[in-house]
Structures are given as structure tokens and as C-alpha cells.
Amino acid sequence: MEKERKIKTLSVIALIVAILGLTVAFAALSTTLKINGTAGVNAATWDIHFENLNPGQVTGSAVINQEPEIGGEKSTTIGDYDVTITKPGDSVLFTFDVKNAGTIDASLSELTKSLKPVCTSNSGISEDETIVCDGLTYTLTYTDNDLPVAKSDTLNQGETKNLSLKLAFDSDKVPSDDVEISDLGITLQYVQK
């Protein structure tokens, strides 16, 4: 019995030594991996505006009764101009910059312009209205290449593009009475590229 007890004791000790040996072996074969880091988000700015509006240029006998104005520093509005066009070949041209002073690239998502301006004769003569509206062109182009401003055009951060807004009358007819032209607004909507 004493012998059996010694065998059991030795067996338990051998088992404990084996378990400790496996633990050490497992610890020697295992590796702990860690990933540490930090992140941050810098503030972004969205700032697309008009600037550098130049005095209008006239061709023929066109007259600028009132120059357009930019609504202030970093303004998104140009307005309140008044011009008179007298005969075929007359035109008025305004140039200005659109600038992306922000930190986000932009794309022109919408360009809204009346398909045809509204012409109203002071005497109500519809033939005069037709002559003026049919002979009138109203365009917004890039000054450097004369290409029309179009949807999906880009304006990257820090970029400035010079635009030309032109109102011209080219017709082989002349109205018999004064005609008021309205609905000449253009809206440009930029979104994140």
C-alpha cells in the first residue's frame, strides 16, 4: 500500500509537472499583437462666392444704365443691372470671378437659366416682342475659352474661374417700339465633388 501511495504521489507530481510544462510551452508559443493609434478630423470650410466684377463692356450703341453689383465680400449674388440695347449688333458683356475659397472641391450640380427671356412691348405689340426675343442671346461662358458654363463643371479648392455674362441682340429686324426684357436670372448651385 505504501508502494501504491508512492506511485500515486509520483503520478500526481508528474501530472503537475507535465501541466506546468505545457503552460510554459504554450506561453512560449503565443504572441500578443496590439494596434494603437489616434485619429482626428480637421475643420473644413465651404466658401464659393463671386468677386472681381469688372465694369461692363458695350458694343455698338448699347448703354449700361446701371452697373451690376456684388452683394458684398464673399457674396453669392450679382444683381441690379440695367442695360439698353438699341439695334442689331449691340451687346453688353460683364466679367467676374467665381472663387472656391474653401477647403472642399466643388462641382456645379445645377445651372438654372430661363430657356427664353420674357419680352414685353410697351405698346403691347406682340410682333415687337417676337423680334426682340428671337434676336436676343443671353450666355454665361468661361472667359478664357468661351465655352459655356455647364452642369458638372468643377471648381476645386482654391481655384478661381473668370466668367463672362453677355446679352446681345442680333436680328435682321428692328422693333417699332421699346421692349422690356425680363427673366434674365441665372442660378449656379455648387455641391461637394
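The following dialogue goes through aromatic pairs, backbone angles and pockets in a predicted model.

Trainee: How many aromatic pairs does the structure hold?

Mentor: The structure holds two aromatic pairs. One of them is formed by phenylalanine 50 and phenylalanine 96.

Trainee: What makes phenylalanine 50 and phenylalanine 96 an aromatic pair?

Mentor: Their ring centres are 5.4 Å apart, and rings pair if the centres lie within 6.5 Å. The two phenylalanines therefore count as a pair.

Trainee: Why is the pair of phenylalanine 50 and phenylalanine 96 called edge-to-face?

Mentor: The angle between the planes is 90°. Planes over 60 degrees apart count as edge-to-face, so the name applies.

Trainee: Which parts of the chain does this pair link?

Mentor: Distant ones: phenylalanine 50 is in strand E1 and phenylalanine 96 in strand E7, 46 residues apart.

Trainee: Why does phenylalanine 50 count as buried?

Mentor: Its relative accessibility is 14%. Buried means under 20%, so phenylalanine 50 meets the cut-off. Phenylalanine 96, at 6%, counts as buried by that rule too.

Trainee: Why is the pair of tyrosine 81 and phenylalanine 94 called tilted?

Mentor: The planes of tyrosine 81 and phenylalanine 94 make an angle of 50°. Under 30 degrees would be stacked and over 60 edge-to-face; 50° fits neither, so the pair is tilted. The centre-to-centre value is 5.3 Å, and the limit for pairing is 6.5 Å.

Trainee: What does the pair of tyrosine 81 and phenylalanine 94 tie together?

Mentor: Tyrosine 81 sits in the loop between E5 and E6, and phenylalanine 94 in strand E7, so parts 13 residues apart in sequence are tied together.

Trainee: Are tyrosine 81 and phenylalanine 94 buried or partly exposed?

Mentor: Tyrosine 81 has a relative accessible area of 24%. Buried requires under 20% and exposed over 50%, so tyrosine 81 is partly exposed. Phenylalanine 94, at 4%, is under the 20% limit and therefore buried.

Trainee: What makes the phi of asparagine 52 worth listing?

Mentor: Asparagine 52 has a positive phi of about 55° although it is not a glycine. The residue is placed in the loop between E1 and strand E2 (57-59). Its relative accessibility of 46% falls between the 20% and 50% limits, so asparagine 52 is partly exposed.

Trainee: Where is aspartate 183 found, and why does it count as partly exposed?

Mentor: Aspartate 183 is in the loop between E13 and E14. Its accessibility of 43% is neither under 20% nor over 50%, so it is partly exposed. Aspartate 183 also has a positive phi, near 65°.

Trainee: What is the volume of the largest pocket, and which residues lie nearest its centre?

Mentor: The volume is about 520 Å³. Of the 18 lining residues, Val83, Thr84, Ile85, Val179 and Ile181 lie nearest the centre. Strands E6 (82-84), E12 (160-169) and E13 (179-182) each give two or more residues to the lining. By class, that lining has eleven nonpolar, three polar and four charged residues.

Trainee: Which element gives the most to the lining of the second largest pocket?

Mentor: E14 does, with four residues. The second largest pocket has a volume of about 430 Å³ and is lined by 21 residues. Phe50 is one of those nearest its centre. The lining has 13 nonpolar, seven polar and one charged residues.

Key
Residues numbered from 1 in each chain as written. Predicted model: local features only at pLDDT ≥ 70, side-chain atom pairs only at ≥ 80, totals over all residues. Heavy atoms only, no water. 1 Å grid on protein atoms, 1.4 Å probe; cavity = no way out; pocket = protein on both sides within 12 Å on 5 of 7 lines; lining within 4 Å. Points joined across faces, edges and corners; volume = space filled by probe spheres on them. Nonpolar A, V, L, I, M, F, W, Y, C, P; charged D, E, K, R; others polar. Phe/Tyr/Trp six-rings, centres within 6.5 Å; stacked < 30°, edge-to-face > 60°. Buried < 20%, exposed > 50% of the residue type's maximum accessible area, 1.4 Å probe, protein only.
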